[in-house]
Amino acid sequence: MGDKEKDPLPYDNWVEEALRGVVKRALDLTAEQGLPGEHHYYITFDTNHDGVEIPKYLHAEHPDNMTIVLQHQFEGLAVGEDHFDVALRFSGKLEHLRVPFSAISSFADPSVSFGLQLKIIKTQTEAGKSALVKELKANGGGGEATGPAQKEKETKTGEVIALDSFRKK
């Protein structure tokens, strides 16, 4: 059974779902009760992921990924089924961020030496954008994608990629 999508026991997907559940539970508790003791979170996410909402100037400063810290000064933490919202100060200005759990690549609570390394789960739209960018680059950067690469882009079901830049050794 070489095709992981047809595997009736997709353990790797189940593990990723469980790890994201840990992040969600930690944020749920924090939204309800605040941060206990010395706990604080470092959350790294893909700023290009579908559903990520951050101000344009922050995206310009962090074009690929961004790490936020939830410690002393955050407001309005709200946890949804597939994302969280929070307001943080950047250069003294309060900004709203929305981050889907599928965009998170790492989560850490240094107060207890806890950390998770997660795989970014690309949505079908993102996978299509990646295919289109590759085709445009191959064709000199202009024109519209057509032919077999366009059909592949339309039928692609998504990709999972791993970012190891923050992995503890």
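Here are some questions and answers about the core and the sheet of a predicted model.

In this predicted model, local features need pLDDT of at least 70 and side-chain atom pairs count only at pLDDT 80 or more, while totals for chains, interfaces and linings use all residues. Residues are numbered from 1 along each chain as its sequence is written, and side-chain values use heavy atoms, with hydrogens and water left out.

Visitor: Which element gives the largest share of the largest nonpolar core?
Guide: A nonpolar core is a set of buried Ala, Val, Leu, Ile, Met, Phe, Trp, Tyr and Cys residues joined through side-chain atoms within 4.5 Å. Buried means under 20% relative accessible area (1.4 Å probe, protein chains only). The largest core here has 27 residues, and Phe84 and Val86 are among those with the most contacts inside it. Its largest share, 4 residues, comes from β4.

Visitor: In what order do the 4 strands of the open sheet stand?
Guide: Strands (E, at least two residues) are DSSP runs, numbered from the N terminus, as are helices (H or I, at least four). Two strands pair if DSSP finds at least two bridges between them. The edge strands, β2 and β7, each pair on one side only. The pairing is antiparallel, and the order is β2-β1-β6-β7.

Visitor: Which residue in β2 stands opposite Ile43?
Guide: β1 and β2 pair in the antiparallel sense over 6 bridges. Opposite Ile43 stands Ile68.

Visitor: Which strands does α1 touch as it packs on the sheet?
Guide: Contact means heavy atoms within 4.5 Å. α1 packs on the sheet and touches β1, β2, β6 and β7.

Notes:
Buried < 20%, exposed > 50% of the residue type's maximum accessible area, 1.4 Å probe, protein only. Axes fitted to C-alpha atoms, helices over the stretch in contact; angles between N-to-C directions.
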